[in-house]
Amino acid sequence: IDQVQDIEANQERMTKDNLKSLTLTVKKMMEMKSEEYNGKIPPSARDELLDKIAEIDVGETGYVYIVGATEERNENYPNVSALNNNLGHYVLSKDRERDGEDIYNAQAPNGEYIVQQIIERGENTSEGEVAFYRYPWKNPSDPKPRDKIAALTYYEEWDVVIGASSY
């Protein structure tokens with residue numbers, strides 16, 4: 001039994017390390033694109049970047065997502081509605097199928113507001129750090145919620161929370 005627990009703990013640690021690395025890599029990609037355009041990324045370049053991020057494989061079942069963290073208007077992106085007044089909206093969803101959708105009030109079976117927790121935990125991360133969060137999640141194609149773990153971090157320039165997650 002101890003060996004099984006050791007193996008499970010090691011798998012958990014490896015999953016967390018991978019999710020952390022992916023989350024911070026995505027943040028770095030966003031920072032580099034922002035630097036390339038001096039903080040004024042045109043919509044076409046933003047969409048190209050989001051397409052690249054959406055293609056990142058997170059194991060067999062995971063994906064990267066980006067959720068808006070504010071209701072404020074982002075002055076760097078006045079013409080990009082996905083980055084304005086986007087509290088709890090997907091900026092980037094699995095396969096980009098739900099981009100722009102308001103998921104702020106998504107609830108777990110126990111009543112917990114999952115996306116509100118994602119935003120809060122992500123916003124409270126320090127530079128170069130992530131917060132981990134386990135929660136039940138149901139994509140539209142799933143018959144029932146599945147347990148998921150995500151590494152979360154905040155990207156202030158876009159005012160979004162980045163998550164790399166896996167089931």
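Here are legends for a handful of close-up views of this predicted model.

Residue numbers start from 1 along each chain, following the sequence as written, and side-chain values use heavy atoms, with hydrogens and water left out. Since the model is predicted, local features need pLDDT of at least 70 and side-chain atom pairs count only at pLDDT 80 or more, while totals for chains, interfaces and linings use all residues.

**View 1. The sheet is an open one, built from 5 strands.** Go across it and you meet the strands in the order S2-S1-S5-S4-S3, with antiparallel pairing. Strand S2 (90–92) and S3 sit at the edges, each pairing on one side only. From one strand to the next, the twist averages 35°. Helices (H or I, at least four residues) and strands (E, at least two) are DSSP runs, numbered from the N terminus; two strands pair if DSSP finds at least two bridges between them.

**View 2. Here S3 meets strand S4 (residues 146–155).** The two pair in the antiparallel sense over 7 bridges. One pair to look for is Phe-132 with its bridge partner in S4, Ala-151.

**View 3. Two helices pack against the sheet.** Helix H1 (residues 2–36) lies across S1, S3, S4 and strand S5 (160–166), running at about 35° to S4. Helix H2 (residues 43–54) touches S1 and S2, and its direction makes about 80° with that of S2. For these angles, axes are lines fitted to C-alpha atoms (for helices, over the stretch in contact), and values run from 0 to 180 degrees between N-to-C directions. Contact means heavy atoms within 4.5 Å.

**View 4. Strand S5 is largely enclosed by the rest of the structure, because 7 of its 7 residues are buried.** Val-160, Ile-162, Ala-164 and Ser-166 point one way, while Val-161, Gly-163 and Ser-165 point the other. Buried means under 20% relative accessible area, exposed over 50%, and partly exposed in between (1.4 Å probe, protein chains only). S5 pairs with S1 over 6 bridges and with S4 over 7, both in the antiparallel sense. Ala-164 is the bridge partner of Val-64.

**View 5. Ile-162 lies in strand S5.** This residue counts as buried, at 0% relative accessibility, and is the bridge partner of Thr-153. Leaving out residues up to four places away in sequence, Ile-162 touches, among others, Thr-23, Val-26, Met-30, Tyr-65 and Leu-152.

**View 6. Two residues that are not glycines have a positive phi.** Asn-38, in the loop between H1 and H2, has a phi of about 50° and is exposed, with a relative accessible area of 70%. Asp-159 has a phi of about 55° and sits in the turn of the S4–S5 hairpin, which has 4 residues between its strands. At 15% relative accessibility, Asp-159 counts as buried.

**View 7. The search of the whole structure finds 1 cavity of 30 Å³ or more.** About 50 Å³ of space lies inside. A cavity is a set of points on a 1 Å grid over the protein atoms alone where a 1.4 Å probe fits but cannot get out, and lining residues have an atom within 4 Å of a point. Grid points are joined across faces, edges and corners, and the volume is the space filled by probe spheres set on the points. The lining includes Tyr-63, Tyr-90, Ile-118, Trp-137 and Lys-148. Strand S1 (63–68), helix H3 (114–123) and strand S3 (131–137) each supply at least two of the lining residues.

Terms used
On a 1 Å grid over the protein atoms alone, a cavity is a set of points where a 1.4 Å probe fits but cannot get out, and a pocket is an open set with protein on both sides within 12 Å along at least five of seven lines; lining residues have an atom within 4 Å of a point.
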